[in-house]
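The exercises that follow ask you to work from backbone geometry, strand pairing and charged side chains towards a reasoned reading of one protein chain. Keep the sequence and the coordinates at hand, and try each task before turning to its solution.

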Amino acid sequence: MSTFSGLGTAASALAAARRGMDVVGQNIANQATEGYTRQRVDTSAIAAARLSTRFSVGAAPGHGVAVDGITRLGDALLDARVRESSSSAGFWSARALAATTAETAMSEPSEHGLAARLSKFWAGWQDLAIAPDSGAAASVVLESAAQLSAQIAGGYRSVATQWSDTRASAERTVAQVNATATQIADLNAEIRDALASGRSANEIIDRRDGLVQVAARLVGARGTLEADGTMTVRIDGNALVSGDSARSLTLDGPMSMGENGRMTVSWSGAAGFPVAVDGGELGGMLSVLAPAADGGTLAGIAESYSAVATALAEMVNAQHRQGETATGQPGGDFFTLSTTGPAALGLGLAVHDASDLALASAGGGPLDAGNANAISEIGRNALSPDARWTGAVGAFAVSTAGDIQRARLSDAAAVTAVTAQRSVAAVDGDEETISLLTYQSAYQAAARVLTAVDESLDVLINRTGLVGR
């Protein structure tokens, strides 16, 4: 064994301790960096060289320490759990947001809601039945009817506006997913090149995994780590990102709620090849934008407004036609209902003057108000517009409560998953301080070994043969 081998051993110890201090410094510097995963230096002992010659001196110590690499202390299972919980949280959060927004616009139950407006409309007819010759009471009925039709139309337009806003949000989400996919592909290329050349890619992996988590929350993407260090990101089983290549998505479908068809997501440049998005914020938005027949939240509310308008026009018109005006003329339609477009937007008044109100029953005379009283009782019918609206509001309230509860549970699960992930990957200041002291002591000890070996060599080289002089 060479006399100078001790110098190499001490030098390797110095290099390993210095690398350890560098990594600890990197951890401490990024203690507050979001998404950073702590790192650790991996070392191994260098075994003694095998010598089987006449000059062998028996057992010999090893030749120091080798730095094998810098390990990123993440957990792939916990990372996958975070992505899965983020996908679920994004889906239910999007649904809960849409439901609560629509619920606020409905203003039920309150004095500004449609149910209260219907009650005022029937009460106006009741007042008119009590005083059929009152011009003021007749004016109240006509004004109340105009306000009722306007509120039904306004409620429908509010839902239609929210539908358009949600569609625009879905467009922005698709654009964000496409941009994220491109960034992931670029980082995959950097990671592959770094690992192939023996460099550390830990910080690049942190950035890449953070973007994959974003894709999971946006569109329910799933990631699979490949042997070359890249991550394949899939949606509906098909690769959104594979290696350094990224595909893009396109959102297709109606531009307004009144148009036929349903919203679909497909691969860009692959017409007719749809992507089933059932997770993430985009999946939640698509479920909200779906037609009423498919359980679409907003289209279902819009249909409820139209159902109320249709029932109101049909039931009031049917009863109004059975009565007579003060001049003995048979009653006609009270409401008009357009045959084109949504019924909620086509509801209007056919009667504009008090003299055209058919308040009397057939043959009841000019002061009879039997028909007006019958109209005022429509609101108590089991199939009345009031009953339809109450049922729709009740069902929507239950659905909204369910979406909100699922959103809370999924958010809690996501927080739990992130907490578990960070408990493994996050930097602990106390632990890093201890590691720093350990490496510092090792560095000082290695320096002392180097000094001792140097002094020994000095004696050997410069003082050999000087004994006795």
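Three exercises with worked solutions follow, and they concern a predicted model.

**Exercise 1. Backbone geometry in two loops**

Determine which peptide bond is cis, and establish where S107 and D236 lie and what sign their phi angles have.

Solution. Begin with the background expectation, which is that most residues other than glycine have a negative phi and that most peptide bonds are trans. Against this, the peptide bond from E108 to P109 is cis, with omega near -10 degrees, and P109 belongs to the loop between α2 (76-106) and α3 (114-130).

Next, turn to S107, which is placed in the loop between α2 and α3 and has a positive phi of about 55 degrees although it is not a glycine. D236 also shows a positive phi of about 55 degrees without being a glycine, and its place is in the loop between β4 (231-235) and β5 (238-242).

Finally, consider accessibility, where partly exposed covers the range between 20% and 50%. S107 counts as partly exposed because its relative accessibility is 28%, and D236 counts as partly exposed because its relative accessibility is 43%.

**Exercise 2. The sheet and the helices packed on it**

Work out the strand order of the open sheet, name its edge strands, and describe how helices α4 and α5 are placed on it.

Solution. The open sheet is formed by four strands in the order β3-β4-β5-β6, with antiparallel pairing. The edge strands are β3 (222-225) and β6 (245-246), each of which pairs on one side only. Taking one pair in detail, β3 and β4 are joined in the antiparallel sense over four bridges, and G223 stands opposite V233 in β4.

With the strands assigned, the helices can be added. Helix α4 (residues 135-196) packs on the sheet and touches β4, β5 and β6, its direction making about 55 degrees with that of β5. Helix α5 (residues 202-219) also packs on the sheet, but touches β3 and β4, and its direction makes about 5 degrees with that of β4.

**Exercise 3. Salt bridges within helices**

For the pairs D22 and R18, E171 and R167, and R406 and D403, find the distance between the closest N and O atoms, the spacing along the helix, and the exposure of each partner.

Solution. The structure holds 14 salt bridges, of which these pairs are taken in turn.

Step one concerns helix α1 (residues 5-29), where D22 and R18 lie four residues apart, about one turn of the helix, and where their closest N and O atoms are 3.6 Å apart. D22 is partly exposed at 42% relative accessibility, and R18 is partly exposed at 40%.

Step two moves to helix α4, where the closest N and O atoms of E171 and R167 are 2.8 Å apart. E171 and R167 are separated by about one helical turn because they are four residues apart in this helix. E171 is partly exposed at 33% relative accessibility, whereas R167 is buried, with a relative accessible area of 5%.

Step three takes helix α9 (residues 385-425), in which R406 and D403 are three residues apart, about one turn of the helix, with their closest N and O atoms 3.9 Å apart. R406 counts as partly exposed at 41% relative accessibility, while D403 is buried, with a relative accessible area of 3%. Beyond these pairs, salt bridges that share partners join R72, D206, R208 and D209 into one network.

Conventions
Residues are numbered from 1 along each chain as its sequence is written. This is a predicted model: local features need pLDDT of at least 70, side-chain atom pairs count only at pLDDT 80 or more; totals for chains, interfaces and linings use all residues. Side-chain values use heavy atoms; hydrogens and water are left out. Buried means under 20% relative accessible area, exposed over 50%, partly exposed in between (1.4 Å probe, protein chains only). Two strands pair if DSSP finds at least two bridges between them. Contact means heavy atoms within 4.5 Å. Axes are lines fitted to C-alpha atoms, for helices over the stretch in contact, and angles run from 0 to 180 degrees between N-to-C directions. A salt bridge is a side-chain nitrogen of Lys or Arg within 4 Å of a carboxyl oxygen of Asp or Glu.
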